[in-house]
Amino acid sequence: MELDYDLMRRKARVIRRHVIEMIGEAGSGHPGGSLSCADILAALYFGLMRLDPSAPDWADRDRFILSKGHAAPALYAALAERGFFPVDWLKTLRKLSSRLQGHPDMRKTPGVEASTGSLGQGLSFACGVALAGRLDGSERVTYVLLGDGECEEGQVWEAAMAASHYKLNRLVVFVDHNGLQIDGPVEKVLSPEPLEDKWKAFGWDVQRIDGHDVKTICGAVRSALESPWPRPHCIIADTVKGKGVSFMEGQVDWHGKAPNQEQVRMALKELAADEEK
Amino acid sequence: MRKNEVATREAYGQALVELGAEFPEIVVLDADLSKSTMTAKFAAAYPDRFFNMGIAEANMMGVAAGLAASGKIPFASTFAVFATGRAFDQVRQSIGYPGLNVKIAASHAGVTVGADGASHQSIEDIALMRTIPGMTVIVPADASETREACRAAVLHRGPVYLRLGRQPTPVLREKWGFQIGRATQLRDGTDVTIVACGVMVNVSLQAATLLEDEGISAEVLNMSTLKPLDITALLEAARRTGALVCAEEHSTIGGLGSAVSQYLASEYPVPVKCVGIRDSFGQSGSAAELMEFYGLTPQAVAKAAVEAVGMKRRK
Ligand SMILES: Cc1ncc(C[n+]2csc(CCOP(=O)(O)OP(=O)(O)O)c2C)c(N)n1
Ligand SMILES: [Mg+2]
C-alpha cells in the first residue's frame, strides 16, 4: 500500500474547512474536538483503511468507530470526501430529516459504523466488532477514536480489560489527547492521567505520538499492526483542541460553540492560507 | 422441586445449546453469572462462541452490539436487574437506537429471586425495556414457552428482551405455538378476562378456578409478548367480557397493566384492575412467601376480578 502523505495533509485541511462551514451553517456543534482529530481521520480514510465506498457493507472492510461522537462533523467530512455520499449533504448537518445527525447514526449515514454520542460506549462496540472479525477469520482492522476526557468513563476501562483479555490485536485505539473537555482542562476536571501507564497496565501496547503529523500517525499504526505481541494497541495522540484556527486553539470555550458568520470567514481564511504553505 | 416444574432460565440454557447447533451465528455473552443464567451449558458445548465479559455489564452490552453489527446473533445474559438497570444507557444507545440484533436474555427477574432481596429483584425491567423504540419484550409463562420464544427471538431480526425466572414453575403446556406479538387463550370465560404474563399465568389459572366456584366465568390470556402487545386479542377480550385484570410479577408502574390499560383506555374503555407490586422494593424471603406478601396470589387475582366485574355492572 503506497501512502500519499500530501493527499492526507490536503484532505485534513479540507476536512477542517468543512467542519467550520458545517457547524457555522448548523448554528451549533463541536468545532474544538472535530478540528483536533482531523489529521487522524485524514490518515485513516486517505491512507490506512481498506474501504470501498461503493460497497459500504463489504464484510472485510476496516472499521472506524468514532466513540467521541460529538466530533461527527469531522467524520462526515472525511466520509463525504472519501466518496461515501455527496459533499452536498454536509450542509444539512443537524437539520430536520437530515441523514447527518448531530451525533453519528449508523442507520442514517453511509460509512458510519456505530451510533455514538453517549461517551464511553464506542470501545465496547469495537471489541464486539473485533471479536466478530476474529470469529470470521478476517484480517480486518477495527479503529476507535476516544477523547481524553472520555477516558473518565468507567466503561472505557471495562472495555480495555476485555480487549486485552481476548487479545484483540487487530484493534487500534487513538486517544485524542487535546487536554480539554467541557468544564476545563482534563487535568483539572478529573484527571485520567497518567494515560500511558493506565493503558499499559490494562495490557495494551501503547505509543505516544504527535497527533497532527500524518506520517507519524501512519507509522504508529503500521508498527502497531506489525507488532508480534497479541495485544490491542493504544496510540495516545497529542493534539491541540481547535487545531488550525488560531482563535479556537487551546480554548475550552470552543468545545461546543458554533462560530458566527464573521468567525467562519476568519477561520476559513486561515485554513486557506494554510493551504498555500 | 416438584415433578414437572422447570425454571424458565433452565429452559433457556437448554434452548441455547439446541439453537447453537443450528445457528452458527449465535454467540453468547455473560457477566460472571453463567451458572445462574444457565449460559454455562452453551459455554460447555461451544467454548469458542461463548465470551465471559466479567462483572462489567455495560461493556457486555456494547460488545454484543458490535458483534450484532458484524452479523452475529449475540445473546447477552445476566440478572434482569443488571441487564436493564446497570446497563440501561448501553442498551438504549448501543443496541436500541441502531436497532441491532441483540437478544438480552435476563434471568432472576421479579421477587421470586427470593432470599437475595431487593437489590437482586428486578421489578422495573419490563417498564425500562418497553420504553426503548423497536425493542421486543417477551415474558414466557413456562419452560416450554421459553424454548419456543428463544427460537422466535433468533428468527426475529432486531433487539429482544427475554425475561426469565429463577424459580422452577409448572410446565403448563408441552407446545404453545409461540409467536411474537400473539397472546394465547388458556381458558374460556364470559364475565372477566385475566391477562397475565410469566409466573402469574399459572396463578391466574388458579384464580379462574376459584372464581368458577363463585359463579364467575373467567377467561385467561397469556400475554407473553408485552411489546408489541397483541391488541387484537385485547380488543376481542374487552368486547367479549367487558372487564379485565392484569397480573404480573413486576411493578404496577410501567409493566403489563400499564400497557393494557393505556391501550384499552384509548380504544375500548372497560374496567381494568392491576395486580402486581405496588410501588415498593422487594425484600428477602422464600419465593412463595414473597408472592404471598406482595399479593401475587390466586386469591388476590380473584378478588381483583370480582371488583372488575362489579365495576362493569355498576354502569
Ligand atoms: C455519557 C456522556 N456524558 C456527557 C456527555 C456530554 N459531553 C459531550 S462532549 C464532552 C466532553 C468530551 O471531552 P473529550 O472526551 O476530551 O473530547 P474532545 O476534547 O476531544 O472534544 C461531554 C462531557 C456525553 N456526550 N456523554
Ligand atoms: Mg479532550
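User: In this predicted model, which side chain meets B:K41 in a salt bridge?
Analyst: A salt bridge needs a side-chain nitrogen of Lys or Arg within 4 Å of a carboxyl oxygen of Asp or Glu. The N to O distance for the pair with B:K41 is 2.9 Å. The partner of B:K41 is B:E10.

User: Where in chain B do B:K41 and B:E10 lie, and how many residues apart are they?
Analyst: B:K41 belongs to helix α3 (residues 40-45) of chain B, and B:E10 belongs to helix α1 (residues 8-22) of chain B. The pair links distant parts of the chain. The separation is 31 residues.

User: Is B:E10 buried, partly exposed or exposed?
Analyst: Buried means under 20% relative accessible area and exposed means over 50%. B:E10 has 25% relative accessibility, and its partner B:K41 has 28%. B:E10 therefore counts as partly exposed.

User: Which parts of chain A does the salt bridge of A:R170 and A:E139 tie together?
Analyst: The side chains of A:R170 and A:E139 meet at 3.8 Å, N to O. The two residues are 31 apart in sequence. A:R170 lies in the loop between α6 and β3 of chain A, and A:E139 in the loop between α5 and β2 of chain A, so the pair ties together these two loops.

User: What separates B:E307 and B:K303 along their helix?
Analyst: The side chains of B:E307 and B:K303 form a salt bridge at 3.4 Å, N to O. Both residues are in helix α13 (residues 298-314) of chain B, four residues apart. The separation is therefore about one helical turn.

User: Which salt bridge joins chain A and chain B?
Analyst: The count between the two chains is one salt bridge. Its N to O distance is 2.5 Å. The side chains that meet are those of B:K72 and A:D136.

User: Which element gives the most residues to the side of chain A that touches chain B?
Analyst: The contact takes 24 residues from chain A and 25 residues from chain B. Across this interface there are 12 residue pairs in polar contact. On the side of chain A, the elements that give two or more residues are α5 (122-135) and α6 (154-165). The element that gives the most, with eight residues, is α5(A).

User: What area is buried between chain A and chain B?
Analyst: Carbon and sulfur atoms give 57% of the buried area. The area itself is about 2,000 Å².

User: Which residues of chain A coordinate the magnesium ion (ligand 2)?
Analyst: The donors follow the spacing D-x29-N-x1-L along the chain. A:D148 lies in the loop between β2 (142-147) and α6, and A:N178 in the loop between β3 (171-177) and α7 (186-190), so this pair ties together parts that are 30 residues apart in sequence. Both A:D148 and A:N178 are buried. The ion is coordinated at 2.1 Å by A:D148 (OD), A:N178 (OD1) and A:L180 (O).

User: What is the phi of A:S97?
Analyst: Most residues other than glycine have a negative phi. A:S97 is not a glycine, yet its phi is positive. The residue is in the loop between α4 and α5 of chain A. Its phi is near 70°.

User: Which residue does a cis peptide bond join to A:E193?
Analyst: Most peptide bonds are trans. Here omega is about 0°. The residue joined to A:E193 lies in the loop between α7 and α8 (195-201) of chain A. This residue is A:P194.

Note on methods. Residues numbered from 1 in each chain as written. Chains lettered and ligands numbered in written order. Predicted model: local features only at pLDDT ≥ 70, side-chain atom pairs only at ≥ 80, totals over all residues. Heavy atoms only, no water. Contact = heavy atoms within 4.5 Å. Buried area = accessible area lost by both parts, 1.4 Å probe. Polar contact = N/O pair within 3.5 Å; in protein donor to acceptor, adjacent residues only side chain to side chain. Donors = N, O, S within 2.8 Å, 3.2 Å for Na, K, Ca; no water. Buried < 20%, exposed > 50% of the residue type's maximum accessible area, 1.4 Å probe, protein only.
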